[in-house]
Amino acid sequence: MNPISRARRRCLTERDGFWAFVMLSPNLTGLSSFKEMLVYDKIVGQIVRNTLVYTASAEFTGMFLSLMLAIAPDRKIKLVRVFRAAFFMPVVTSSVAVSLVSPSSARTERYYQFVKGVMLFGMKD
């Protein structure tokens, strides 16, 4: 049996104790355990309510801010060039970082030699 069908079978049945779980056939309870958990357990209800409120507010806020940031570079606002530069800075920064770390260029190789020299002998004036 695969894990999904095993989990489905275990959540819809009830067994008493470990040996009853291993040896005896289970009692079919259906969705009554979920009903009991959601209706009578106040902590689970509060957890579900908090999760729904957080998810709804985070999704709305995230979508709204994303839309505003996507529209902003095309608007006629002050400092639009600064905003565009800040907007594309992560793309440019990652490319520059990769080019500095990549040992394929001669300049980077000289930089590695300099760092190795400083680490071995210390900085000398």
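This dialogue walks through one predicted model, from confidence to single residues.

Biologist: How are the residues numbered, and what kind of model is this?

Modeller: Residues are numbered from 1 along each chain as its sequence is written, and side-chain values use heavy atoms, with hydrogens and water left out. The model is predicted, so local features need pLDDT of at least 70 and side-chain atom pairs count only at pLDDT 80 or more, whereas totals for chains, interfaces and linings use all residues.

Biologist: What is the mean pLDDT of the protein chain, and where is confidence lowest and highest?

Modeller: The term pLDDT stands for the predictor's confidence in each residue, on a scale from 0 to 100. For the protein chain the mean is 76, and 71% of its residues reach 70 or more. Confidence is lowest in helix 2 (residues 18-23), with a mean of 60, and highest in helix 4 (residues 42-71), with a mean of 88.

Biologist: How many helices and strands are there in the protein chain?

Modeller: Both are DSSP runs numbered from the N terminus, helices being H or I runs of at least four residues and strands being E runs of at least two. The protein chain has 6 helices and 2 strands, which follow the pattern α-β-α-β-α-α-α-α when read along the sequence.

Biologist: What share of the residues in the protein chain is buried?

Modeller: A residue is buried under 20% relative accessible area, exposed over 50%, and partly exposed in between, using a 1.4 Å probe and protein chains only. Buried residues make up 6% of the 125 residues in the protein chain. Accessible areas come from the Shrake-Rupley method with a 1.4 Å probe, and for residues only the protein chains shown count as cover. The protein chain exposes about 11,300 Å², of which carbon and sulfur atoms supply 68%.

Biologist: Is T13 buried or exposed, and which residues does T13 touch?

Modeller: T13 has its place in strand 1 (residues 13-14), and T13 counts as buried because its relative accessibility is 17%. A contact means heavy atoms within 4.5 Å. Leaving aside residues up to four places away in sequence, T13 touches P26, N27, L28 and T29.

Biologist: How far apart in space are R10 and L28?

Modeller: R10 lies in helix 1 (residues 3-11) and is partly exposed, at 44% relative accessible area. Although R10 and L28 are 18 residues apart in sequence, their C-alpha atoms are 9.4 Å apart in space. For the protein chain in general, among contacts between residues at least 6 apart in sequence, 0% join residues at least 24 apart.

Biologist: Which residues make the nonpolar surface patch?

Modeller: Patches are made of residues with over 30% relative accessible area and no salt bridge (a side-chain nitrogen of Lys or Arg within 4 Å of a carboxyl oxygen of Asp or Glu); like charges are joined within 9 Å, and nonpolar side chains (Val, Leu, Ile, Met, Phe, Trp, Tyr) within 5 Å. Here L31, F34, M37, L38, V39, Y40, V48 and L52 make a nonpolar patch of about 810 Å². Helix 3 (32-40) and helix 4 each supply at least two of its residues, with the largest share, 5 residues, coming from helix 3. M37 is found in helix 3 and is partly exposed, at 36%.

Biologist: How many aromatic pairs are there?

Modeller: Rings of Phe, Tyr and Trp (its six-membered ring) pair if their centres lie within 6.5 Å; planes under 30 degrees apart count as stacked, over 60 as edge-to-face and the rest as tilted. The count by this rule is 1 aromatic pair. F60 and F64 form a stacked pair, 6.3 Å centre to centre with 15° between the planes. Because F60 and F64 are 4 residues apart in helix 4, about one helical turn separates them. F60 is exposed, at 59% relative accessible area, whereas F64 is partly exposed, at 44%.
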